[in-house]
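Visitor: I have a model open and some questions about it. Can we go through it together?

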Amino acid sequence: MSDAIAEASASKATSDGATQQVDVAVVGAGFAGLYLLHRLRKAGFTAVAVDEASDVGGTWYWNRYPGARCDIQTIDYSYTFDPELDSAWKWSEKYATQPEILRYLGFVADRYDLRRDIRFGTKVTNATWDEAAERWRLTTDNGAAISCRHYIMATGCLSTPKPPEIEGVKDFKGEIYFTGRWPHHEVKLAGKRVAVIGTGSSGIQAIPLIAEQAAHLTVFQRTASFALPAHNGPPSADRTALLQSDRAGYREQARWSMAGVPFPPAPVVSWQLSDAERRERFEQAWAAGDLVHILTQLWADQGVDVDGNALVSELIREKIRGIVKDPETAAALSPNDHPFGSKRPCLDTNYYATYNRPNVTQVNLRQEPITSITASGIKTDKRNFDVDVIVFATGFDAMTGAIMAVHPITGRGGKSLSDIWAKGPQSYLGLTVAGFPNLFMITGPGSPSVLSNMAVSIEQHVDWVVDRLQAMREAGFSAIEATATAQDGWAQHMADCSTLTLHRLANTWYTGANVPGKALGVMPYTGGVGPYRSICNEVVSRGMLGFRLTGPDVAAQCNDGEIVRLQPDVRIVLNMLADMNLPPIESLGPEGARAFLAQFNAGRPAGRPVGEVGDGALQGADGPVPYRLYRPATPGPHPIVVYFHGGGWVLGDELSDDPFCRDMCRRTGMIFVSVGYRHGPEHPFPAAAEDGYAATKWIAEHTAELGGRPAPVLVAGWSAGGNIAAVTCQLARDRGGPQIAGQLLLCPVTDCDFDRPSYRENAEGYFLTRPLMDWFWDMYCPPADRTDPRVSPLRGKLAGLPQAFVVTCEFDPLRDEGVAYAEALAAAGVPVEQLKARGQMHSSFTMVDVVITGVSGRVKMAEALRRFAGLAQEERQADKGARSDGLAA
Ligand code: NA7
């Protein structure tokens, strides 16, 4: 039988008259509820869906306001589970209108005969978990109660409109409409004085059309949104051609993309482009009329870095100034309190130009807040506006509203979901909640949901849930519940993810800030659709990690744990490396390994601009060695940091940590001199150590020539470079100088002992492996010399060394020897601070602009260096929030 015709053969739900008995009850008959019903039936489960509306459609049933459209290209905002359905439906527009989307959902409901299992005009009024029977007991406001094994909330993220929160609404004598509950009858606005409150996506879509009808339109704006022209028309020819050339491949790419729309990651960073090149990219994106395109395709740093984002924001503000004739109105319409994309950007048709119409007035509520609604209109603290109609486009109690506020849900031990979520939604994977067995949420808080193409995220969730229910049935399990450990781990992972993007910097419905009194925190998963999908798959492949499964005749199964302990971007990098299936570096030989590193580094984002970069040679221990100097753009002279690159004393050179040196030069406001010390095996121990010391001495003696502040200098290094920095401090103390003001040791090698736990726990899989460290040691230092403090500084005398900042990473073989060195320094009376970076690996901090979660660590490193040099601290706007992300273990 074709997938296009759903099996109607699933066993019928039974009813004892008062209670309808089903395997699964679903709330909602929108995109998610419809697909759920289809899948559940095909899997042989009895199911019923309940919806307050009188027909299918979910959000598209209710949001019928003028101009309501999809704002993801509709060929992407479609079901993909059935290729026959996928090719049977043709969208008439690039962004379909609400009536067309509703027709599509009706078409789907008919095609699979879904309506017969939907109870329309019915609301669940109460849901309680019956522990003895292991069933959910639901009461409804219309007809039989429901008893079900599994209860699934397919309630949508934006389905509970927010109350107006303005005094006096009841006093108004005119007509009141809510965009999210627009009437089904025709609303006549011609000749009327209309007010619209709210300028989010709904207001921005409705305002131009209302302005065309109304005698006068007054728009009350609290926060200006970024809006981009939709350039609507027929479905875009190039996207359609892509889809048609390889439908399955196109859909699969969407499933593994970051936003659920098949766009590749942007390849370049903003500082690699000239002003003219950036403008050209922006103009192309503006002309393309595609939100996901403009949000992801301009430059790689636009969504993760305040400075990169500011460039886009300003180009959009320039457009607004170019369209809106009145400069004061243009200024009020120009968003300047949040990064572009951190609040949901909107897609418009003639929105800004509407403000040039003589019958449209804008009221800036930041300058004159609404004080009340009166019988005749709206009162601000400066004026009265008499109107006939008020349209509330004031948004939704997003993400949690429909799940929590609509009806009480009582789980295990009589605990209510509202109580559990009082301080913000807790979930495992955004799919389940500890204490609520057999309850699932489709696109719940904690999943990518509203930060993605909902159609793609819904299908992924429905498939995952129904697959699990099938697997449970086959294994004899009747109940599934997330563990507290898994849920807490997910909360930590969510918090880690939220440092990746700029959503945390705006007060929005993503964070709950639009509803007075709601707990604040980024609710959707910001780690991306593809990574999220792979995590859900990994939960399954690791034996339902984080779930407790029980059944009447089988032994309980609980494989407890946290699914992601790495920082989210580190996980992505490691997965990419694993997919590349590279040969072990140590198998390439020194030359091959060096060539590999050069090739690897060529593919990374370019380092950020600094004031000046210059190359030179200095006196090493046995002749000249090269150096590269990074000078800040600020007026000098600056303190000098002597820097030693990583590479296991074998690989790398004075250029190989270029992005890190640039980043630290910018953050510290200091000169970084990266030294090209000699390498093994050509120059074995102690060549690198002696070069390190000689270079530091030379630099300290040539500070003026280098344009730096007079000595003392500072030293810093990563990995084997951290080893050289630590050794240099010991040699400088013992050989009468130079004076060193402080040492930054980033994941340093400090000892030749491989027996510490971090060598066992992280032997493989985190880029720097135990076999690679073995090889580095073999290339550089004969066994007999390995306990020499010039290569194992932990074995040296530690008293009297310069103050230190020691960074170690949780998933690094070198972690424990770094910690041991820091502790030994402290025990010897050396002032020392440690950063134990949770979820990071050996290369995290030097993968600048790749491992974005490394920013907070580099902020702390820079602060330490500034302190060592006696400079005042300064927080850059771009680092806002980065210091307090709980990175340290
Ligand atoms: P949004 O995006 O939440 O927009 C609501 C708008 O209403 C927004 O401009 C709010 O200003 C404004 N608002 C909310 N409450 C008030 C009060 N009390 N006074 C004045 N202004 C207020 O909802 P939409 O329906 O437009 O869009 C929802 C999503 O649907 C959209 O993002 C797409 O994903 C589809 P604020 O920004 O809070 O200052």
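Guide: What follows is a short chat about this chain, from overall measures to single residues.

Visitor: What kind of model is this, and which pLDDT do local features need?

Guide: This is a predicted model, where local features need pLDDT of at least 70, side-chain atom pairs count only at pLDDT 80 or more, and totals for chains, interfaces and linings use all residues. Residues are numbered from 1 along each chain as its sequence is written, and side-chain values use heavy atoms, with hydrogens and water left out.

Visitor: What is the mean pLDDT of the chain?

Guide: The mean is 94, and 96% of the residues reach 70 or more; pLDDT is the predictor's confidence in each residue, from 0 to 100.

Visitor: Where does pLDDT stay under 50?

Guide: Over residues 1–12, and also over residues 883–889.

Visitor: How many helices and strands?

Guide: The chain has 26 helices and 30 strands, taken as DSSP runs numbered from the N terminus (helices: H or I, at least four residues; strands: E, at least two). The radius of gyration is 31 Å, close to the 29 Å from the globule rule for 889 residues, so the chain is as compact as a globular protein of that length. That radius is taken over C-alpha atoms, and the rule is 2.2 Å times the number of residues to the power 0.38.

Visitor: How much of the chain counts as buried?

Guide: Of the 889 residues, 60% do. Buried means under 20% relative accessible area, exposed over 50%, and partly exposed in between, with a 1.4 Å probe and protein chains only.

Visitor: Switching topic: which residues does a cis peptide bond join?

Guide: One such bond joins Gly 636 and Pro 637, with omega about -5°. Another joins Gly 737 and Pro 738, with omega about 5°. Pro 637 is in the loop between strands S24 (623–631) and S25 (640–644), while Pro 738 lies in the loop between helix H22 (720–734) and strand S28 (740–746).

Visitor: What about phi of Ser 719?

Guide: Phi there is near 65°, a positive value in a residue other than glycine. Ser 719 sits in the loop between strand S27 (713–718) and H22, and is buried, at a relative accessible area of 5%.

Visitor: And Glu 586, what is it in contact with?

Guide: Beyond neighbours within four places in sequence, Glu 586 contacts Thr 769, Pro 771, Leu 772 and Trp 775, where contact means heavy atoms within 4.5 Å. Glu 586 and Pro 771 are 185 residues apart in sequence but 7.5 Å apart in space, C-alpha to C-alpha.
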